[in-house]
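Please take me through this model in the viewer, one selection at a time, and tell me what there is to see at each stop.

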Amino acid sequence: MVMEVDRKLLEHVAELARLKLSEEEIGKFLPQLKEALEFFSKLKEVDTDNVKPSFQPVEIKNVMREDKEEKCLSQDDALSLTEHKKDGYFKGPRAV
Amino acid sequence: MSIHDFIKKVKNNEIDIVEHTQKVIEECKEINTEYNYFNTISEELALQQANNIQKLIKNKDKPLKNKKLLGVVISVKDGICVKDVESTAGSRILQGYKPLFDAFVIQRVKEEGGIIIGKTSQDEFGFGSFSVNIGVGYKVPKNPIDKERSCGGSSGGAAGISKKASFPHISLGESTGGSIAEPASFCDVFGLCPTYGRVSRYGLIDFGNSLDKIGPIGRTIEDVALLMDVIEGYGKNDSTSLNVKNEDYSKYLKKSIKEMKVGIIKEAFAEGVEPEVEKNVYNGIEELEEEGAKAEEISLELPIKYGLATYYMIGTSEASTNLAKYCGMRYGISEKLEGSFNEYFTRVRSKNLGDEAKRRIILGTFARMAGYRDAYYIKAMKVRTLMIQEYKKAFKKFDALVSPTVPILPPKFSEIEKLTPLQNYMMDVMLVGPNVAGLPHLNVPVGYEKNLPVGMLLIADHLQEGKLIQLGSAVEKGK
């Protein structure tokens, strides 16, 4: 578990998460994240050989339903919460 | 007046429910100017509901007789969707979002005649323990007992109004890593976080899918049991909802606790726990013993030592994926459509998410990144397995486990300012274990020290909420 949390890594992770950090934020977050990750690294002390991960705390089965059409939101309702729409579609920023 | 008596009076038409609701709204507005418990007061919806109930009572509508919450005011944590009422989870990125549907729990509350009064303040998306990590432009709720102190978090507004309201009222909170029991402890009220999956999460604005639980906060254990009776159950719109038989929680209120076994978690009374807190929690344990329960020490190695790291790795990982959908396009806040996809989304997110939300998104994105995923995210999921096994072993011997809810008395805002994010996270040390393991847990108020409340935490096995209510009720009676 070798890791060096530096400015470069922080900016890279932020970019993956679609966040642009200001100079002030970088200065503030960098030591805070270092401290937190160092603390979280203590998980490596726990022996987890042959242990299965629990993605849920209780056992859950897959839930299926019949492949039948059900009532859903109307197009008008779905579009009612945004100004960014055109011809019955959501309008987004340019793709390229 | 107890909620039980209030409902009786409403049913007998002895209370003008419209007039009562108007008074409640005025009181909430008044309290809010000083304490900031509400992000939104849903005046219109509340009066509309009250008028409907009034009409049905006047027409001697028969089905009203069985309504469990008739006329009772229910406040709702902002992260739970209420149709046509702004629901933002305390974040500016969701400003203006008025859901087109009710969450499962809101459907149930409305069906039982409960009146929705408003959306309570919280840490942004639930990211905090003091309700100070609020979204950009929101106000920090204050402790109802001392305004210079925190009311806890993240369901801070819910716990605060539960203590402060003079009218019959119960609150809906939500816990991911302790956000029901912790504020309940700081505000001297009961808070019950149910088993993961016991209450459908449909309509809850996600923080961590494998961790989020909706539960009641109230002044008495009876109130908490009543709201649990209403909101429990399977919901087909939540694939993680447990399809198990419903319980009658209220019946546990009067059950004797004789011969019940309570395990005192040894590691939870170690260094870092304020002596005033420890003393009062032991008073609570004594009350349990006086009512006939047997208490004995037990050592649990994993939850206190590794719970925080496990919880924050799982919680931030899940949060970072859940929050990826907020990008200012289909709902919530939006900006002028300028620049490319990535430029637009980055601009909206950077401007409208608060500091703690950004920190957690970054932590979670890091933990899931190629090269780090096995060491952090998957590792935490494996430690969770071991933690659940350790708890399960303890529950073979004990009906419930006990610890302080929070190691310290409610701190002043001036003290909180000095904490680093990691020191902030440490406040959840008692609570992350049961939350990671999906175990039901209850805050029971046990006393006051330096004029500040202390809470005791009771933890039970999966689906054993009844035992918590039984034990909590015994402590309440003993006081």
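Begin by selecting residues 302–322 of chain B, which form helix H9, and follow the helix axis to Leu308(B), where H9 bends by about 35°. Bear in mind throughout that this is a predicted model. If you now show the surroundings of H9(B), you will find that 18 of its 21 residues are buried, so the helix is largely enclosed by the rest of the structure.

Next, hide the helices of chain B and leave the strands on display. Eleven strands make up an open sheet of mixed pairing, and to walk across it you should take them in the order E1-E3-E2-E4-E6-E5-E10-E11-E9-E7-E8 of chain B. The walk begins and ends at the edge strands, E1 (38–41) and E8 (294–298) of chain B, each of which pairs on one side only. Looking across this sheet, neighbouring strands are turned against each other by 30° on average, if their direction is ignored.

Stay in the sheet and select strand E6 of chain B, residues 213–218. Is this strand, E6(B), buried or exposed? Six of its six residues are buried, so E6(B) is largely enclosed by the rest of the structure. On one side, add strand E4 (residues 169–175) of chain B, which pairs with E6(B) in the antiparallel sense over five bridges. Two pairs of residues are worth labelling here: Leu172(B) has Pro216(B) as its bridge partner in E6(B), while Glu174(B) stands opposite Ile214(B) of that strand. Then add strand E5 (residues 190–193) of chain B, whose pairing with E6(B) is likewise antiparallel but runs over two bridges. For this pairing, label Gly191(B) together with its bridge partner in E6(B), Ile217(B). As a general reminder while the bridges are on screen, strands of a sheet pair through backbone hydrogen bonds, either parallel or antiparallel.

Now bring the helices back and select two of them in chain B, H2 (residues 17–35) and H3 (residues 43–58), whose axes come within 8 Å and cross at roughly 160°. Since angles over 145 degrees count as roughly antiparallel, that crossing makes H2(B) roughly antiparallel to H3(B). Turn the view until one helix lies in front of the other, and you can check that H2(B) passes H3(B) in a right-handed crossing.

With these details placed, zoom out to the whole of chain B, which holds 16 helices and eleven strands. Its C-alpha atoms fill a box of roughly 65 × 65 × 45 Å along the principal axes. Its radius of gyration is 21 Å, which agrees with the value near 23 Å for a compact globule of 479 residues. Colouring by burial would mark 61% of those 479 residues as buried.

Finally, select chain A, which contains three helices and two strands, arranged from the N terminus on as α-α-α-β-β. The C-alpha trace of chain A spans about 50 × 45 × 20 Å along its principal axes. How does its radius of gyration stand against that of a compact globule? Chain A has 23 Å, whereas a compact globule of 96 residues would have a value near 12 Å. Under the burial colouring, 16% of the 96 residues in chain A are buried.

Notes: Residues numbered from 1 in each chain as written. Chains lettered and ligands numbered in written order. Predicted model: local features only at pLDDT ≥ 70, side-chain atom pairs only at ≥ 80, totals over all residues. Helix = DSSP H or I, 4+ residues; strand = E, 2+ residues; numbered from the N terminus. Rg over C-alpha atoms; globule rule 2.2 N^0.38 Å. Buried ≥ 20, exposed ≤ 12 C-beta atoms within 10 Å, placed from the backbone. Bend = angle between axes of the 7 residues up to and from the residue. Pairing = 2+ DSSP bridges. Axes fitted to C-alpha atoms, helices over the stretch in contact; angles between N-to-C directions. Parallel < 35°, antiparallel > 145°, perpendicular 65-115°, else oblique. Left-handed = near helix turned anticlockwise from the far one by under 90°.
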